[in-house]
Amino acid sequence: MFISTMFKAVNTFKCRKFIKVKFVNLYKNACFCTNKSEVSSSYEPPKPENPFKRTFRILGNDMKTAKNKVQSFITKVQGVREVTNKVPKSPYRDGVFPEHCDIAIIGGGAMGSSIAYWLKQRAPNAITVTVIEKDPSVNQNIVSWGQYVDASTVLSVGGLRQQFSLEENIRMSLFGAEFLRNIKQHLSVEGHDPPDVQFTPFGYLCLASEEGAQQLEENANLQKKLGAKNELLTPVKLKQKFPWINTDGIALGCHGLENEGWFDPWSLLYAFKTKALSLGVEYVDGEAVGFEFKKMPDMLTEGVEPGSYEAVEKVLVKTESGELRSIKFGFVIIAAGPHSARVAKMARIGTGEGMLSIPLPVEPRKRYVFCINCKNGPGLNTPLTIDPSGAYFRREGLAGNYICGRSPLPEEEPSVDNLDVDYDFFDKNVWPILAKRVPAFESVKVKSAWSGYYEYNTYDENGIVGPHPYYTNLYIATGFSGHGIQHSPAVGRSVMEMILDGDFETIDLKRMSFDRLITDTPLIEQNIF
Amino acid sequence: MQFYSEKTMRYLIQCGHKQFLPYLKVLCTNRYCTEVKPETKSNPTLWRKPWAHKEGEWFSMFRLFAPEKGGSLEVIRILQNNINFSPQAIQKWIKKTKREASILDMKYIPERHDILGSNLAAAHFLVHRGAAIRFVGSTEWIKRQGDEYDLPNKYNPDYLVEAIDILDMKLYYEGFQNMTNLSSLQWLSLQNCVEVDDWFLDKISCEYQSSLEYLDIGNCVQVSHRGISALYRMSKLRTLKVHNIANSQMFQLACLMLEDIHPQLNIEGVTYLDSENQSV
């Protein structure tokens, strides 16, 4: 009897040790492999929670909420009003950090929120969508919701135009206009005011010198063919319509007549986010700092050596409180704006081998916007005017304020460390051109200025939309180089079609895929400012 | 017996499918229409094909009947949604369906414009739905009496629309597709039409910028000062009526500035309360 218990004890001891060894080894080999890139290796992935501890934690939370419910019911019945210390309201939808989801979107600006909205409105109960956004609130002391500090969306000038030279851009802008016109039907949420983007339908006026006149005319014809309305104006007619203009050096102007103007990008973002939240999208306040990979030697894909495929499986998120969590996803979409290249590098895009050696060529570029006041400036008949040199200006309100700016030349690019404004830029580069084009701007006063980042695509200044050729579950929607906000509804819809339908159904954005970087076919847009 | 390659077989099946699909009245799975043909034929993704399409890969004939895409998402969504039977939800649904039906009613029908030409097509479109039309050279308004109205049935170049009065018709933005190319339109009244907002004015100032002389948007409460500013493009406009919507100061300022740049324009319905408030 004694021997049998001894035997059992020794056996269980051996068993436990054996199991422990096996379990630890399995865990080590299972999910992740050490990443060679500098960014991810500085973060250790979080260990999975002990299942027993997790069960007891969840049961404990349930007990607490039940107890609070009973307490509040009792106090209501008794009619006693007192400040109850409830369980602190968790920022997450289910009370716990979302550890897995179907589709993870890295970046919660206009693009990310638009994609989340379109996905959820098509399949509201079929998929779970999580958006990871790193700066949702301005001031940590004041509990104000959703004020993005240096996201490009809210710092944008908010223009909407169809005057592009690429068919895809024109179509996306036309759909953007239609979407904004019907925004109340698309993005209304019960209990909230209907969204209002305050669209100002003033049109765009693109001016071209002798060299650019031919290109401008071709663009205008293409836009007319696709349904945009514009008119080409000779310098004489320009002077007739817009008496404030000085037509020196101008050979042709193209005036957009319909569906062009500017709107409030913050309202659009807020509308997208509110609607997405009401449909069940989870917004996580945190920064994506790495990915976890999974070896899949049975996977066969074009362009990949058989047996060497590694899929992205989890994204590592550093939450506001500093802790490191991981989210396991089915698909991931990189819509991180100017910081997309950094996120892509975490997924080995640019640091790997073969197809993965081509990096995502999106980098932040700082652009200044100046608000000036001119007493006798151009009146109401002022569309957003773009000079051949790239300087632009438009009206703001009705009190003689104008907004202007210019893309700097490549050798004058300002540093992107911060969002400080260099007022010398206005004096040297913007004002001389504006004063020449509009004589009334000889005497202006700069009232204020701000700056924001373009998500600049250094390859060909056009967006990159579509799946990555190596990864079967990674999508990219970034790089729009200054005209992302007007394309955000269309891109959101296209990414949704790509994921849920398998192909582009409405606007064909095949030419804007990442593959063009591999086959080296740049998509040059002739009308970028 | 002819042997087709797998690709042409699939193509033939798909063509046949497309032909008899409308007769089956199958629920259209694609709510977003319009096919797109790119201007250039280059497709950068051509270098990688799905593994099964590569040369040398074997596939059975059963693949002809396999669907290219998965099951319809619309069916899944309908099955997963709990239908809300509360009275408010039903009322909302009725309102929404009515609105969608009205907008569909405003669709552009190419045959109408083929047979009648732009002016008469617009006339038929409007009069049938309750508006009134006046042609160039005539002084009587053509209206609908019950279901009857008196308009030619074939193209007649002598009939040019000069004036449109919306009366009690509900005009949506999409209806303007049927009112294009009206080169002699001088007089337009959209009074009491509640759907009119800034986008309407944007469209009007584009379509009729060279001919319109009279515009009445009284009681169109969705119009804001931004829409009024968009009327700067209309060089021939003489009278603009804005009764009952010119309440805010911004609106009055916009009207003042519009009158500044178009000296022949006269805006009625605006009372400029405080002449010292002009800050321009």
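This is a short talk on selected features of a predicted model with chains A and B.

I will start with chain B as a whole. Chain B contains 7 helices and 6 strands. Along the sequence, their order is α-α-α-α-β-β-β-α-β-α-β-α-β. The chain has 280 residues, and 39% of them count as buried. If we take the contacts in chain B between residues at least 6 apart in sequence, 70% join residues at least 24 apart. The accessible surface of chain B is about 17,800 Å², and carbon and sulfur atoms account for 55% of that.

Staying on that surface, there is a nonpolar patch in chain B. The patch is formed by Ile83(B), Phe85(B), Ile90(B), Trp93(B) and Ile94(B), and together these residues have about 590 Å² of accessible area. Take Phe85(B) from that group. Phe85(B) is in the loop between helix H2 (73–80) and helix H3 (87–105) of chain B. Its relative accessible area is 65%, so Phe85(B) is exposed, the cut-off being over 50%.

Next, the aromatic pairs. Over all chains, a search of the whole structure finds 30 aromatic pairs. The one I will show is Trp118(A) with Phe179(A): the ring centres are 5.8 Å apart and the planes stand at 45°, so this pair is tilted. Trp118(A) lies in helix H4 (residues 110–122) of chain A and Phe179(A) in helix H6 (residues 167–181) of chain A, so the pair ties together parts that are 61 residues apart in sequence. Both Trp118(A) and Phe179(A) are buried. The two rings also belong to a cluster: ring pairs link Tyr117(A), Trp118(A), Phe175(A), Phe179(A) and Phe272(A).

Two more rings in chain A have a charge over them. The ring of Phe164(A) has the charged end of Arg161(A) sitting over it, 4.2 Å from the ring centre. For Phe293(A), the charged end over the ring is that of Arg348(A), at 3.8 Å from the centre.

Now the salt bridges. Side chains of opposite charge can pair when their charged atoms come close. How many salt bridges does the search of the whole structure find over all chains? The count is 33. I will go through three of them.

The first example is Glu99(A) with Arg54(A), whose side chains meet at 3.7 Å, N to O. This pair links distant parts of the chain, 45 residues apart: Glu99(A) is in the loop between helix H3 (51–78) and strand E1 (103–106) of chain A, and Arg54(A) is in helix H3 of chain A. Glu99(A) has a relative accessible area of 30% and is partly exposed. Arg54(A), at 32% relative accessibility, also counts as partly exposed.

The second example is Glu207(B) with Lys229(A), where the closest N and O atoms are 3.7 Å apart. That pair crosses between chains, with Glu207(B) in helix H5 (residues 198–207) of chain B and Lys229(A) in the loop between helix H8 (210–226) and strand E5 (230–233) of chain A. Which end of this bridge is buried? Glu207(B) is, because its relative accessible area of 17% falls under the 20% cut-off. Lys229(A), at 31%, counts as partly exposed.

The third example is Glu413(A) with Arg367(A), the closest N and O atoms being 3.2 Å apart. Here too distant parts of the chain are linked: Glu413(A) sits in the loop between strand E15 (401–405) and helix H12 (423–437) of chain A, and Arg367(A) in strand E12 (residues 362–373) of chain A, 46 residues away. Glu413(A) counts as partly exposed at 23% relative accessibility, whereas Arg367(A) counts as buried at 7%. Beyond single pairs, salt bridges with shared partners join Glu49(A), Arg54(A), Arg57(A), Glu99(A), Glu323(A) and Arg325(A) into one network.

Last, the backbone. Most residues other than glycine have a negative phi. Here are two residues with a positive value. Glu461(A) has a phi near 60°, and this residue lies in the loop between strand E16 (445–457) and strand E17 (464–467) of chain A. Its relative accessible area is 26%, so Glu461(A) is partly exposed. In chain B, Leu167(B) has a phi near 55°. Leu167(B) is placed in the loop between strand E2 (161–165) and strand E3 (187–189) of chain B, and is partly exposed at a relative accessible area of 36%.

That is the end of the talk.

Definitions and conventions. Residues numbered from 1 in each chain as written. Chains lettered and ligands numbered in written order. Predicted model: local features only at pLDDT ≥ 70, side-chain atom pairs only at ≥ 80, totals over all residues. Heavy atoms only, no water. Helix = DSSP H or I, 4+ residues; strand = E, 2+ residues; numbered from the N terminus. Buried < 20%, exposed > 50% of the residue type's maximum accessible area, 1.4 Å probe, protein only. Contact = heavy atoms within 4.5 Å. Areas by Shrake-Rupley, 256 points an atom, 1.4 Å probe, with all protein chains shown as cover. Phe/Tyr/Trp six-rings, centres within 6.5 Å; stacked < 30°, edge-to-face > 60°. Lys NZ or Arg CZ within 6 Å of the ring centre and 35° of its normal. Patch = residues over 30% accessible without salt bridge, like charges linked within 9 Å, V, L, I, M, F, W, Y side chains within 5 Å. Salt bridge = Lys/Arg side-chain N within 4 Å of Asp/Glu carboxyl O.
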